[in-house]
Amino acid sequence: MSARREGINKTSTRVAVLSSHFQFHKPSSSPSSPLRLSMAASSDKEPDLAAVSSDPPTIFDKIINKEIPSKVVYEDEKVLAFRDISPEAPIHTVIIPKVRDGLTGLSKAEERHVEILGHLLYVAKLVAKQDGLEDGFRIVLNDGINGNQSVNHIHLHVLGGRKMDWPPG
């Protein structure tokens, strides 16, 4: 079997497995009603939300799935915040969305990502407050190779606990 054909079969299998976990609900008569998605009643398995994306898995997906340990400082249904393993400041937290939805970097953002982008910034504020950074903090979002993005999964860095120098790079 060709590599291309094998890749198509893997993708088809993945889509079939994932779609078996969900039920789609038709919107009400209003055209602006969103499509609702819920777990299928016939399945007792939870979907691997980080793997819903067609992008290859990253180290962050493994952290979300608890395959790699991390020091989690905040978590909700949309994002996960944890301590950076190579801190650049006394307090260095990374905040990631649990589902990439094609949002591997800010340059890939589309209008549909506005809500999660805003939520990432709001959670940065919550984490900074939780860490006692009332005197200020820095948010860093690296994008692309020249922006020094190290993981193809959009993420924010919240840095604090010391005076931040300028220019930063």
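1. A pocket, as the word is used here, is an open set of grid points where a 1.4 Å probe fits, with protein on both sides within 12 Å along at least five of seven lines. The model under review is predicted, and its largest pocket holds about 820 Å³ of space.

2. Which residues lie closest to the centre of the largest pocket? They are Asp84, Glu88, His92, Asn142 and His157, out of 33 residues that line the pocket. Sorted by class, the lining has 16 nonpolar residues, ten polar ones and seven charged ones.

3. Several elements take part in this lining. At least two residues each come from helix α2 and from the strands β4, β5 (91-97), β6 (138-140) and β7 (156-160). Two of these elements, α2 and β4, return in the next points.

4. The structure has one aromatic pair. The ring centres of Phe60 and Phe82 are 5.8 Å apart and the ring planes meet at 70°, so the pair is edge-to-face; the cut-off for that label is an angle over 60 degrees. Phe60 belongs to helix α2 (residues 59-64) and Phe82 to strand β4 (residues 79-83). With their positions 22 residues apart in the numbering, the pair links distant parts of the chain.

5. Are the two rings' residues buried or exposed? A residue counts as buried when its relative accessible area is under 20%. Phe60 has 8% relative accessibility and therefore counts as buried. Phe82 has 4%, so Phe82 counts as buried too.

6. Asp61 also sits in helix α2. Its relative accessibility is 3%, and because of this Asp61 counts as buried. What does the side chain of Asp61 contact? One partner is the backbone nitrogen of Thr58, reached at 2.7 Å. Another is the side chain of Arg100, with which the side chain of Asp61 makes a polar contact at 2.8 Å.

7. For the chain as a whole, the count is three helices and seven strands. Read from the N terminus, their order is α-β-β-α-β-β-β-α-β-β. The chain has 169 residues, of which 33% count as buried; Phe60, Phe82 and Asp61 are among the buried residues.

8. A last point concerns contacts along the chain. Among contacts with a separation of 6 or more, 50% are between residues 24 or more positions apart. The Phe60 and Phe82 pair, at 22 residues apart, falls short of that limit of 24.

Key: Residues numbered from 1 in each chain as written. Predicted model: local features only at pLDDT ≥ 70, side-chain atom pairs only at ≥ 80, totals over all residues. Heavy atoms only, no water. Phe/Tyr/Trp six-rings, centres within 6.5 Å; stacked < 30°, edge-to-face > 60°. Helix = DSSP H or I, 4+ residues; strand = E, 2+ residues; numbered from the N terminus. Buried < 20%, exposed > 50% of the residue type's maximum accessible area, 1.4 Å probe, protein only. Polar contact = N/O pair within 3.5 Å; in protein donor to acceptor, adjacent residues only side chain to side chain. 1 Å grid on protein atoms, 1.4 Å probe; cavity = no way out; pocket = protein on both sides within 12 Å on 5 of 7 lines; lining within 4 Å. Points joined across faces, edges and corners; volume = space filled by probe spheres on them. Nonpolar A, V, L, I, M, F, W, Y, C, P; charged D, E, K, R; others polar. Contact = heavy atoms within 4.5 Å.
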